[in-house]
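The following exercises are meant to be worked through with the coordinates open beside the text. Each one sets a task and then gives a solution in steps.

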Amino acid sequence: MARLRVTCLGAGTIGASWAALFLSRGAYVALYDPEPERLIQAKAIIAAAYDDIRALHPECAECDWSKLHMTNMLSEACQSSDWVQENAPDRLEVKHALLREVEGFVDKETPIASSTTALLASEIQNGMSYPARVIVGHPFNPPHLIPLVEVVAGELTDPALIQRARSFYEALGKEVVVPLKEARGHIANRLNAALFREVVHMVASGIATVEEIDRAMVHGPGLRWAFLGPNLVYHLGGGEGGYAHYLTHLGPSQETRWRELGEAELSESVRKDLVQGLEKALVHLPYDARAYRDAGLISLLKLKASLKTQR
């Protein structure tokens, strides 16, 4: 990636994190944001993210700041771009306005990947002059540490771009998943949404507190899910008969739980209960949550990498 020129649109948490990752792989990065103040703040985010990357990959060279160009002029950011990573707010009208302007500054073959959480690629590419080069390239926060990227084609996306995107992100050390078709929230955030719906239901119906729910996840399922997906977890839970045995003998208990899962509504009173519950838990938190998360991710990723070499 040493000669690659990447345009990052949006200098918030996601955009700055992406920029740090691209820089760590030697790419030239143009970071655009219409707000000069956000660009100033982004440099500190990039520096901290780069420190994280070097802690995870000690062989990584120090950040070459000469390869970073921060600007609030879109034409400058798009100049000679090989790849556009868009990180604008997750509102369709905002992305449409931005990307239609971008099309006036980049080559028609330049891929545009959106970091959208819930919008569809087909929605984003609608109305664009060259919709075939638009895909979803959705990371998990923080992108400079968490390997996952979901690559999703829209109805008008050039099929060849999917493999190109896979190769692009894998060169960054990413784990790329490609859904068979578009769905709001892709794969990972649909799983997150299903889990969070039950979190909200349990708090709203008085089954458990915010703190106890988080503790249950961290010290239970979360540990297994860091290494095995839910299907493989149940396969191991099935003993010698594996997944088939689990589904036959314990499937009915799953169906019983499904019937008792609740519908969730984020009413004003429920939002208040969630926030107050979290604030109560934070009082007893003996560490900075963000620093703890990132240090934990670095240690966990190192462990997982070492386990792979032992196979």
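Helices, of at least four residues, and strands, of at least two, are taken here as DSSP runs and are numbered from the N terminus. The model is a predicted one, and by that assignment the protein has 14 helices and eight strands.

**Exercise 1. Overall dimensions**

Decide whether the radius of gyration of the protein agrees with that of a compact globule, and describe its extent and its surface.

Solution. Step one is the expected value: for 311 residues, a compact globule would have a radius of gyration near 19 Å, and the 21 Å of the protein agrees with this. Step two is the extent, for which the C-alpha atoms, taken along the principal axes, fill a box of roughly 60 × 50 × 45 Å. Step three concerns the surface: the accessible area of the protein is about 17500 Å², and carbon and sulfur atoms account for 56% of it, while 39% of the 311 residues count as buried. Step four turns to the contacts between residues at least 6 apart in sequence, of which 68% join residues at least 24 apart. Finally, the mean positions of the 32 positive and 38 negative charges lie 4 Å apart.

**Exercise 2. Two acidic side chains**

Determine whether Asp-33 is buried or exposed, do likewise for Glu-86, and find the backbone nitrogen that the side chain of each reaches.

Solution. Begin with Asp-33, which sits in the loop between strand S2 (28-32) and helix H2 (36-56). Its relative accessible area is 2%, and because buried means under 20%, Asp-33 is buried. The side chain of Asp-33 reaches the backbone nitrogen of Ala-11 at 2.9 Å, and Ala-11 also appears among the residues that Asp-33 touches, a list that further includes Gly-10, Gly-12, Arg-38, Leu-39, Thr-71 and Asn-72 when residues up to four places away in sequence are not counted.

Continue with Glu-86, whose place is in strand S4 (residues 83-86). With a relative accessibility of 0%, Glu-86 counts as buried. A polar atom of the side chain of Glu-86 lies 2.7 Å from the backbone nitrogen of Ala-88. Once neighbours within four places in sequence are left aside, the contacts of Glu-86 include Leu-9, Lys-95, Leu-98 and Leu-99, together with Ala-113, Ser-114 and Ser-115.

**Exercise 3. Backbone geometry in loops**

Identify which peptide bond in the loop between strands S6 and S7 is cis, and establish whether Ser-80 is buried or exposed and whether His-186 is buried or exposed.

Solution. The cis bond runs from Asn-141 to Pro-142, with omega near 0 degrees, and Pro-142 belongs to the loop between strand S6 (134-139) and strand S7 (148-153). For Ser-80, phi is near 55 degrees, which is a positive value in a residue other than glycine; Ser-80 is located in the loop between helix H3 (74-77) and S4. The relative accessible area of Ser-80 is 53%, and because exposed means over 50%, Ser-80 is exposed. For His-186, phi is near 60 degrees, again positive in a residue other than glycine. His-186 lies in the loop between strand S8 (175-177) and helix H7 (188-204), and at 5% relative accessibility it counts as buried.

**Exercise 4. Valines and the approach to the last helix**

Find how far the C-alpha atom of Val-152 is from that of Val-136 and how far that of Val-270 is from that of Val-203, and then work out whether Asp-288 is buried or exposed.

Solution. Val-152 lies in strand S7 and is buried, at a relative accessible area of 4%. Its C-alpha atom is separated by 4.9 Å from that of Val-136, 16 residues apart along the chain. Val-152 touches, among others, Ala-121, Ile-135, Ile-162 and His-186, the last of these being the residue with positive phi from the previous exercise.

Val-270, in helix H13 (residues 268-283), is likewise buried, at 9%. The C-alpha atoms of Val-270 and Val-203 are 7.9 Å apart, although 67 residues separate the two along the chain. Beyond its neighbours within four places in sequence, Val-270 is in contact with Val-200, Ala-204 and Glu-265.

Asp-288 follows in the loop between H13 and helix H14 (289-309), where its relative accessibility of 52% makes it exposed. The side chain of Asp-288 reaches the backbone nitrogen of Arg-290 at 3.3 Å.

Definitions and conventions:
Residues numbered from 1 in each chain as written. Predicted model: local features only at pLDDT ≥ 70, side-chain atom pairs only at ≥ 80, totals over all residues. Heavy atoms only, no water. Rg over C-alpha atoms; globule rule 2.2 N^0.38 Å. Buried < 20%, exposed > 50% of the residue type's maximum accessible area, 1.4 Å probe, protein only. Contact = heavy atoms within 4.5 Å. Areas by Shrake-Rupley, 256 points an atom, 1.4 Å probe, with all protein chains shown as cover. Lys, Arg positive; Asp, Glu negative; His and termini not counted. Charge placed at Lys NZ, Arg CZ, Asp CG, Glu CD. Polar contact = N/O pair within 3.5 Å; in protein donor to acceptor, adjacent residues only side chain to side chain.
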